[in-house]
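Welcome! Please take a moment to look over the structure below, and then we can walk through it together.

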Amino acid sequence: MRYLGTLLLIGFVVYCVIDIVRSDEDERLGVHPALWVLVVLFPVIGGVVWLAVSRTKRGQRTPYRTQTAQAPGAPVAPDDDPEFLWRLEQERRRREARKPDDEPHDQPGPTV
């Protein structure tokens with residue numbers, strides 16, 4: 001219990017350093033990661049500043065759920081695929097254009 005505060009502070013600094021290393025350049029405001037690590041080494045103030053800056057930048061990005069752009073060539077659902085819908089429409093038009101005589105009639109086969 002005596003060293004709990006020290007352990008918490010070390011854990012906080014380690015968390016911030018790992019977060020800095022894994023962050024994007026935009027989250028770091030274009031500052032080199034080594035400079036942010038130096039800032040974080042100032043015990044509480046540096047970590048709080050890092051968290052405030054990085055979380056503000058992360059909050060300004062669009063959430064993952066709202067991003068609908070798909071990678072080119074990614075599979076799409078049939079009702080979202082324009083080529084599939086076009087082929088379906090062509091097939092429907094061909095069926096409508098056929099005469100009733102063109103339809104195959106079921107002929108009963110020979111009975112035994």
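## A walk through the model

Let us start with Asp-19, whose place is in helix H1. Keep in mind from here on that this is a predicted model.

Is Asp-19 buried or exposed? Its relative accessibility is 9%, and because buried means under 20%, Asp-19 counts as buried. Leaving out residues up to four places away in sequence, Asp-19 touches Trp-50, Leu-51, Ser-54, Arg-55 and Arg-58. Two of these partners also meet Asp-19 through polar contacts between side chains: Trp-50 at 3.0 Å and Arg-55 at 3.2 Å. If you would like another landmark, the C-alpha atoms of Asp-19 and Val-37 are separated by 9.9 Å, with their positions 18 residues apart along the chain.

Here are the polar contacts of the Asp-19 side chain, side by side.

| Side chain | Partner side chain | Distance |
|---|---|---|
| Asp-19 | Trp-50 | 3.0 Å |
| Asp-19 | Arg-55 | 3.2 Å |

Now for the helix that holds Trp-50. Helix H3 covers residues 43-60, which makes 18 residues. From its first C-alpha to its last, H3 reaches 27 Å, close to the 26 Å expected at 1.5 Å a residue. Which residues of H3 are buried? They are Gly-46, Gly-47, Trp-50, Leu-51, Val-53 and Ser-54. These buried residues pack against two other helices, H1 (4-22) and H2 (33-40). Leu-51 gives a good example: apart from neighbours within four places in sequence, Leu-51 is in contact with Phe-12, Tyr-15, Cys-16 and Asp-19.

Trp-50 has another role in this picture. How many aromatic pairs does a search of the whole structure find? The search finds one. The ring centres of Trp-36 and Trp-50 are 5.0 Å apart and the ring planes stand at 65°, so this pair is edge-to-face. The pair links distant parts of the chain, with Trp-36 in helix H2 and Trp-50 in helix H3, 14 residues apart. Both Trp-36 and Trp-50 are buried.

The two tryptophans also belong to the largest nonpolar core, a set of eight residues: Val-13, Cys-16, Ile-20, Trp-36, Val-40, Trp-50, Leu-51 and Val-53. Helices H1, H2 and H3 each supply at least two residues of this core. As a general matter, nonpolar side chains tend to be buried together in soluble globular proteins.

Between H1 and H2 there is a loop, and Leu-29 lies in it. The phi angle of Leu-29 is near 60°, a positive value in a residue other than glycine. In general, most residues other than glycine have a negative phi.

Stepping back, the protein chain has four helices and zero strands, and its pattern along the sequence reads α-α-α-α. Of its 112 residues, 13% count as buried. Among contacts with a separation of 6 or more, 61% join residues 24 or more positions apart.

Finally, a word on confidence. The mean pLDDT of the protein chain is 79, and 73% of its residues reach 70 or more. Among the elements of the chain, H1 has the highest mean pLDDT, at 91, and H3 the lowest, at 83. Where pLDDT is low, the predicted coordinates should not be read in detail.

Methods:
Residues numbered from 1 in each chain as written. Predicted model: local features only at pLDDT ≥ 70, side-chain atom pairs only at ≥ 80, totals over all residues. Heavy atoms only, no water. Expected span 1.5 Å × (residues − 1). Buried < 20%, exposed > 50% of the residue type's maximum accessible area, 1.4 Å probe, protein only. Contact = heavy atoms within 4.5 Å. Phe/Tyr/Trp six-rings, centres within 6.5 Å; stacked < 30°, edge-to-face > 60°. Polar contact = N/O pair within 3.5 Å; in protein donor to acceptor, adjacent residues only side chain to side chain. pLDDT = per-residue confidence, 0-100. Core = buried A, V, L, I, M, F, W, Y, C linked by side-chain atoms within 4.5 Å.
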